[in-house]
Amino acid sequence: MASVKQPLDGAQIDALYGLEPVFEPGKGAPPQDWLELECAFCGEPIGTSVDLSAGSVSYIEDCQVCCQPLLIKVECDDAGHLVRGWAERGD
Ligand SMILES: [Zn+2]
């Protein structure tokens with residue numbers, strides 16, 4: 001007795017691969033935000049990720065374009081949301 005192989009139909013493919021990822025915005029997201037800044041030395045737009053779990057912070061980060069030391073200042077509110085951020089000339 002010969003067995004006939006049949007191609008998978010749509011319902012079978014759905015059963016195999018039908019598990020769709022579920023995204024829940026705001027759940028489990030790290031307290032991090034992306035900051036767009038303008039370099040205080042060369043004026044080029046730069047982007048940096050900031051850790052908002054520590055509240056308002058300032059730190060030195062080299063410009064990605066001209067490699068000068070920028071003093072990045074970040075302000076966030078009590079809820080840990082980014083209020084504003086900017087870059088000054090560091091020494
Ligand atoms: Zn620069």
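Which residue in β4 is the bridge partner of Ser58? The legends below take up this pair and several other sites in a predicted model.

**Figure 1. Overview of the protein chain in the predicted model.** The chain has 1 helix and 5 strands. From the N terminus, the elements follow the order α-β-β-β-β-β. Of the 91 residues, 9% are buried. Take the contacts between residues at least 6 apart in sequence: 31% of them link residues at least 24 apart.

**Figure 2. Close-up of the open sheet β3-β4-β5.** Lys73 is the residue in question: it is the bridge partner of Ser58 in β4. The sheet has 3 strands, and their pairing is antiparallel. Why is one side of β3 and of β5 left without a neighbour in the sheet? Both strands stand at the edges and each has a single partner strand, so one side of each has no neighbour there. From one strand to the next, the twist averages 25 degrees. Between β3 and β4, the antiparallel pairing extends over 6 bridges.

**Figure 3. Close-up of the β1-β2 hairpin.** Strand β1 covers residues 32-38 and strand β2 covers residues 45-51. The two run antiparallel and are joined by 7 bridges. Leu37 stands opposite Ile46 in β2. The hairpin has 6 residues between its strands. Gly43 takes a positive phi there, near 80 degrees.

**Figure 4. Close-up of the largest nonpolar core.** Which residues make up this core? There are 7: Leu37, Val50, Leu52, Leu70, Ile72, Val74 and Cys76. Strand β4, residues 69-76, gives the most, with 4 residues. In soluble globular proteins, nonpolar side chains tend to be buried together. Val74 is a core member with contacts well along the chain from its own position. Leaving aside neighbours within four places in sequence, Val74 is in contact with Leu35, Val50, Ser56, Val57, Ser58, Leu82 and Gly85.

**Figure 5. Close-up of Gly85 in strand β5.** Is Gly85 buried or exposed? Gly85 counts as buried, because 20 C-beta neighbours lie inside 10 Å; the cut-off for buried is 20 or more. Gly85 and Leu35 are 50 residues apart in sequence. Their C-alpha atoms are 6.9 Å apart in space. With neighbours within four places in sequence left aside, Gly85 is in contact with Leu35, Leu37, Val50, Ile72, Lys73, Val74 and Glu75. Leu37, Val50, Ile72 and Val74 in that list also belong to the largest nonpolar core.

**Figure 6. Close-up of Glu88 in strand β5.** Strand β5 covers residues 82-89. Glu88 is exposed, because 10 other C-beta atoms lie within 10 Å; exposed residues have 12 or fewer. Which residues does Glu88 touch, not counting those up to four places away in sequence? They are Ala40, Leu71 and Lys73. Lys73 is also the bridge partner of Ser58. Phe41 is 47 residues from Glu88 along the chain. The C-alpha atoms of Phe41 and Glu88 are separated by 8.5 Å.

**Figure 7. Close-up of Cys42 in the loop between β1 and β2.** Cys42 counts as exposed, because it has 12 C-beta neighbours inside 10 Å and the cut-off for exposed is 12 or fewer. How far apart in space are Cys42 and Cys63, C-alpha to C-alpha? The distance is 8.7 Å, and the two are 21 residues apart in sequence. Cys42 touches Cys63, Val65 and Cys66, not counting residues up to four places away in sequence.

**Figure 8. Close-up of Cys67 in the loop between β3 and β4.** Strand β3 covers residues 57-62. Most residues other than glycine have a negative phi. Cys67 has a positive phi of about 65 degrees, although it is not a glycine. Cys67 counts as exposed, because it has 10 C-beta neighbours inside 10 Å.

Terms used:
Residues are numbered from 1 along each chain as its sequence is written. This is a predicted model: local features need pLDDT of at least 70, side-chain atom pairs count only at pLDDT 80 or more; totals for chains, interfaces and linings use all residues. A nonpolar core is a set of buried Ala, Val, Leu, Ile, Met, Phe, Trp, Tyr and Cys residues joined through C-beta atoms within 7 Å. Two residues are in contact if their C-beta atoms, placed from the backbone, lie within 7 Å. Two strands pair if DSSP finds at least two bridges between them. Axes are lines fitted to C-alpha atoms, for helices over the stretch in contact, and angles run from 0 to 180 degrees between N-to-C directions.
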